[in-house]
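Biologist: Please take me closely through a single part of this model, and explain each term as it arises. I should also like a short account of what lies elsewhere.

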Amino acid sequence: MADTDINKRRTFDKVPTKICQYGTDCYRKNPNHFKELSHPHLESILTESPKGKYRIPDALSMSREVVAEQLKIIAQLYPELESNPPAKQPKKDDTPTAVEKVKTATPPKPAKMASSPPKTKSPATSSGAPSKGNAVADLFAERRARMAKQQQEQKKAEAPPPAQQPSSSSQPPKPTPQTGVSLKKVIPRNIHDYYPVVAPKGKMAAKLAAAAPYNMFFTTITDAPVTHREPLSVTFQELLDPSLGELECSVQMNFMVDIGWLLGHYFFAGYEDRPLLILYGDESPELKTVSTKKPNVTALKVHIATPFGVHHTKMGLYGYTDGSMRVVISTANLYEDDFHNRTQGLWISPRLPALAEDADTGAGESRTGFRESLITYLNSYKFVQLATWVSRIQRTDFGEVNVFFVASIPGGHLNTAKGPLWGHPRLGYLLGKHSAPIDDACPLVAQSSSIGSLGPNPQSWVLSEIMASFRRDSAPVGLRRVPAFRMIFPSFSNVRNSHDNLLGGGCLPYMRATHEKQPWLKDHLHQWKSDCRNRTKAVPHIKTYCRWSHRGLYWFLLTSANLSKAAWGVYNKSAKFEAPLRINSYEVGVLFLPKFVIDENFFPMESKSSGDNKHPAFPMPYDVPIIPYAPEDSPFFMDYLRG
């Protein structure tokens, strides 16, 4: 559509003049995206079709379902497009259209997001409102669209010419046959056409056994082939590998869920029709209606009373046909980009067998109390759909689990007879009870993909609450120095040199305005560097907290919780009696303590060539020693992606 037509149309329908840079490849379904940017190819369909009966061109047949949903969104936003069509377009000549100008010009800056992400949140932690959550994720739609387009072009090149052309041009094209369930695009018969990295089938159980006693993994990096073959690299498909057991049913708990991407994995694993329960935080039309298309799938939105909290947990429960089960806790959202070029962490439990029918009620608990903590967490949702899972977990032997369950749930919390149950006091309680004495010279090293509003000085929250909990150990209480605080967060240069260039920072929603209110943090910031894992160029969405010295690693926490008050909690100091802890978000993580994993006081951090190491080195996600920011460095701000 020519620029003059756009200007004419704007006089009566308020459609934006700025055109989406992705043109016909746009796969977005966020209403705010269509409030910000114009899509001439979609608007033309609306103005040239009978109301409610959209004539989608053959060129868009591969993404027909997506286009249909986009048209509905635009029709709701701009109903005058259907009732007041613009003047007919001029005949096609050699003048490039607005869309063609966008495609052939110098690549523009990423489109301005409809609204700034909340200051303490990321694409994985943005507001529970769908528009805000999808705004950041939409920045990556280009890569998904490009893959689909390449697949389409390859199929056309390989397909033999049709034996007979339709006799009438008005005959509608036959729909592309679907070989499985995808709510976004057709799933090809070959899994390699749908997912960029595919691991050999049937080998995940052996890989998991070799990763003992830590059972910690990292997602493969698409643009780093060396990671595709690493013993500690996994794809999501491997979590459904038949060697782990024949899946009977499962639960996926997360913030962002691309249901088409997720169900594609289940389809290729042969579990397309197995019961699947999904608890999610970020709303999407596909999740709301998935049960009407797939009755075996139940998707429940986790509602949170405060707008400052999100359902940020990333956990999977896998039940097998022999009665056993498995728990997976990770840092990745369930959509393509989080398993593409981002560093993510996963803890995968051993296969947990069912208890004998005559087993005692207390039988099967781990030394870490993992089962009880997990049940308490699941019960906090108050979803009847989780009742059968709670019952199953109670009848499962968790004896082989060697990590602690550390979680957060929204609300105000007091200590219990079993100590604090949630947030940073929970971690502090476990460290104070079980951690070996740690020299105060050992710093706390925090690493996350988002940083919240921490206060105007370190004492505001980090030193007074976070360090008060995270510094604890089992040494007798006495005069102690406050350990140093170190924060690993990607600098601008880290992101600029990443696999995805600046777009790699789409999972780092730290805002400049927030940083300017806490300038003291600059003195504590350290670069992201992971040569040891071949992930220096893979922007970290992983979140970790730990303490170490020259002797080794004293403890390590892998979690969904970023460094923010919403995730870890803040004490209400104005309370008259015991100060209740206020938490806004759901979070889940696992705490590794050497005493319970290898029966030592610390984990080895280096593999000794002499072979006298009794235990394998702990799989640190980044290089040690860590590197502080240079004076000219600055953290990556989400503002860079706002144009």
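Modeller: The account below follows one sheet and the helices on it, then turns to other parts of the chain.

This is a predicted model, in which local features need pLDDT of at least 70 and side-chain atom pairs count only at pLDDT 80 or more, whereas totals for chains, interfaces and linings use all residues. Residues are numbered from 1 along each chain as its sequence is written, and side-chain values use heavy atoms, with hydrogens and water left out.

The sheet chosen is open and has seven strands, in the order β10-β20-β17-β16-β12-β13-β14, with mixed pairing. Helices (H or I, at least four residues) and strands (E, at least two) are DSSP runs, numbered from the N terminus; two strands pair if DSSP finds at least two bridges between them. The edges are held by β10 (404-408) and β14 (525-526); each has a single partner strand, so one side of each lacks a neighbour in the sheet. Within the sheet, β16 (residues 544-549) and β17 (residues 552-559) run antiparallel and are joined by six bridges. One of these links Y545 to its partner L557 in β17.

Helices pack on this sheet, α12 and α14 among them. Helix α12 (residues 370-379) touches β10 and β20 (587-592), and its direction makes about 20° with that of β10. Helix α14 touches β10, β17 and β20, with a direction at about 155° to that of β10. Contact here means heavy atoms within 4.5 Å; axes are lines fitted to C-alpha atoms, for helices over the stretch in contact, and angles run from 0 to 180 degrees between N-to-C directions.

Helix α14 (residues 423-434) also packs with helix α15 (residues 462-470), at an angle of about 35° and with the axes 7 Å apart. From α14 the contact draws on H424, P425, L427, G428 and L431, and from α15 on E465, I466, S469 and F470. By class, five of these residues are nonpolar, three polar and one charged. In this scheme Ala, Val, Leu, Ile, Met, Phe, Trp, Tyr, Cys and Pro are nonpolar, Asp, Glu, Lys and Arg are charged, and the others, Gly among them, are polar.

A further open sheet has three strands in the order β11-β19-β18, with antiparallel pairing. Here β11 (411-413) and β18 (570-571) are the edge strands; each has a single partner, so one side of each is without a neighbour in the sheet. Two bridges join β18 to β19 (residues 581-583), and V570 has R582 as its bridge partner in β19.

Elsewhere, strand β9 (residues 345-348) is covered on both faces, with G345 and W347 buried on one side and L346 and I348 buried on the other. Buried means under 20% relative accessible area, exposed over 50%, and partly exposed in between (1.4 Å probe, protein chains only). Strand β9 pairs antiparallel with β1 (residues 216-219) through three bridges, and with β7 (residues 325-330), also antiparallel, over three bridges. W347 is the bridge partner of M216 and also of I329.

As for cysteines, a search of the whole structure finds zero disulfides, a disulfide being a pair of cysteine sulfur atoms within 2.5 Å. C507 counts as buried because its relative accessible area is 0%, while C532, at 42%, is partly exposed.
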